[in-house]
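Work through the exercises below with the model open. Each one sets a task and then solves it step by step.

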Amino acid sequence: TEKKTGLPVLTIDTNGMDLYDRGQEKAWLALFKKFVVDEMSVEKGRVGIIGATPQDLSDLSAGDQLRQIFAADGKKAVCYGMGDGLDAVKQAASAEYNLVVSPSALETAKYLQKQFGTPYVVGYPLVKTMLPEADYTGKKVLIVHQQVMANALREELKMRGASEVKVCSWFDMKPELREEDDVYLKEEDDFTELAADSKWDVVIADDCMKSMLPKFGGQFIGIRHFAVSGKLGGSC
């Protein structure tokens, strides 16, 4: 195919049985291994954002929002896959550090750290605008989302006074990003049973999951996850 098109071609080993995030993880790693240029000088203030996809962030404007947040702090954010293309990937070694915004990007961040010495952090800065204004003091919250966003929501909720926040997901749960009581969900019933515990004051999940909680009497906060509902949100 490369000979016929003159374009580089990457092949990814898949089996049709794993979930989307495992495929993304392989694709991110193959992309950066193939194209990143060695021996580039580090550019102060340049931040590489890895793992931004519509499946994980569920908002096509998320890349622009992330760039704006860093620009306000005097930094240049490069959002791979959401607005910044292959040329940006080639220059990945020039990033001062990388920000991992979904679990599927963690292995790529580790690779860049090992290969080029680029440090990385894990988080999602937009969560501050995703939670409605409310009194979360003493509240017990259950979150279902991709792990990085869910962890960022947990951190924000604890800052706002929540007494207990549990993260769960049907998708990849990296051991190094998990807290002891976090839960990997296998079936829909796992979520229904977990949320049925009367101790939860708040449940945060995609809006389509609200119908799975007919007996839940607390506050439901809908935060879109495209990989669950197949719908994109208006904003994150």
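## Exercise 1: A salt bridge across the chain

In this predicted model, the side chains of Glu25 and Lys174 meet in a salt bridge, at 2.5 Å from N to O.

**Task.** Locate both partners, and state whether Glu25 is buried or exposed.

**Solution.**
- Step 1: place the partners. Glu25 belongs to helix H2 (residues 20-35), while Lys174 sits in the loop between E6 and strand E7 (183-184).
- Step 2: take the separation along the chain. The partners are 149 residues apart, so the pair links distant parts of the chain.
- Step 3: check Glu25. Its relative accessible area is 16%, under the 20% cut-off, so Glu25 is buried.
- Step 4: check Lys174. Its relative accessibility is 8%, so Lys174 counts as buried too.

## Exercise 2: A pair within a helix

**Task.** Explain why Asp64 and Arg67 are placed about one helical turn apart.

**Solution.**
- Step 1: recall helix geometry. An α-helix has 3.6 residues a turn, so residues three or four places apart point the same way.
- Step 2: apply it. Asp64 and Arg67 are three residues apart in helix H4, and therefore separated by about one helical turn.
- Step 3: read the contact. Their side chains meet in a salt bridge of 2.9 Å, N to O.
- Step 4: add the exposure. Asp64 is partly exposed, with a relative accessible area of 41%, whereas Arg67 is buried.

## Exercise 3: The surroundings of H4

**Task.** Find which residues of helix H4 are buried, and what covers them.

**Solution.**
- Step 1: list the buried positions. In H4 (residues 62-72) they are Ala62, Gly63, Gln65, Leu66, Arg67 and Phe70.
- Step 2: list the cover. It includes strand E1 (46-50), helix H3 (54-57), strand E2 (76-79) and E3.
- Step 3: look just past the helix. Gly74 takes a positive phi of about 80° there.
- Step 4: look at the loop between H3 and H4. Ser58 is placed in that loop. Ser58 is not a glycine, yet has a positive phi of about 60°. With a relative accessible area of 1%, Ser58 is buried.

## Exercise 4: Another long-range pair, and a network

**Task.** Describe the salt bridge between Glu164 and Lys199, then state which residues are joined into one network by shared partners.

**Solution.**
- Step 1: take the distance. The side chains of Glu164 and Lys199 come to 2.9 Å, N to O.
- Step 2: place the ends. Glu164 is in strand E6, and Lys199 is in the loop between helix H8 (188-195) and strand E8 (202-205). The two are 35 residues apart and link distant parts of the chain.
- Step 3: compare with the cut-offs. Glu164 is at 23% relative accessibility and Lys199 at 30%. Partly exposed means between 20% and 50%, so both qualify.
- Step 4: name the network. Arg22, Glu25, Asp172 and Lys174 are joined by salt bridges that share partners.
- Step 5: give the total. The structure holds 17 salt bridges.

## Exercise 5: A buried lysine without a salt bridge

**Task.** Which side chain of opposite charge is nearest to Lys166?

**Solution.**
- Step 1: place Lys166. It is found in strand E6 (residues 164-169).
- Step 2: find the nearest opposite charge. That is Asp181, 4.8 Å away.
- Step 3: test the pair. A salt bridge needs N and O within 4 Å. Lys166 is buried yet has no salt bridge.
- Step 4: view the contacts. Beyond four places in sequence, Lys166 touches residues including Arg154, Asp181, Asp182 and Trp200.

## Exercise 6: The largest pocket

**Task.** Which element supplies the largest share of the lining of the largest pocket?

**Solution.**
- Step 1: take the volume, about 240 Å³.
- Step 2: find the centre. Of 14 lining residues, the closest to it are Gly123, Tyr124, Pro125, Ala152 and Glu155.
- Step 3: assign elements. Strand E3 (97-100), strand E4 (120-122) and helix H7 (147-159) each supply at least two lining residues. H7 has the largest share, with four residues.
- Step 4: sort by character. The lining divides into ten nonpolar, one polar and three charged residues.

How values were computed:
Residues are numbered from 1 along each chain as its sequence is written. This is a predicted model: local features need pLDDT of at least 70, side-chain atom pairs count only at pLDDT 80 or more; totals for chains, interfaces and linings use all residues. Side-chain values use heavy atoms; hydrogens and water are left out. On a 1 Å grid over the protein atoms alone, a cavity is a set of points where a 1.4 Å probe fits but cannot get out, and a pocket is an open set with protein on both sides within 12 Å along at least five of seven lines; lining residues have an atom within 4 Å of a point. Grid points are joined across faces, edges and corners, and a volume is the space filled by probe spheres set on the points. Ala, Val, Leu, Ile, Met, Phe, Trp, Tyr, Cys and Pro count as nonpolar, Asp, Glu, Lys and Arg as charged, and the others, Gly among them, as polar. Buried means under 20% relative accessible area, exposed over 50%, partly exposed in between (1.4 Å probe, protein chains only). Lys and Arg count as positive and Asp and Glu as negative; His and the chain ends are not counted. Contact means heavy atoms within 4.5 Å.
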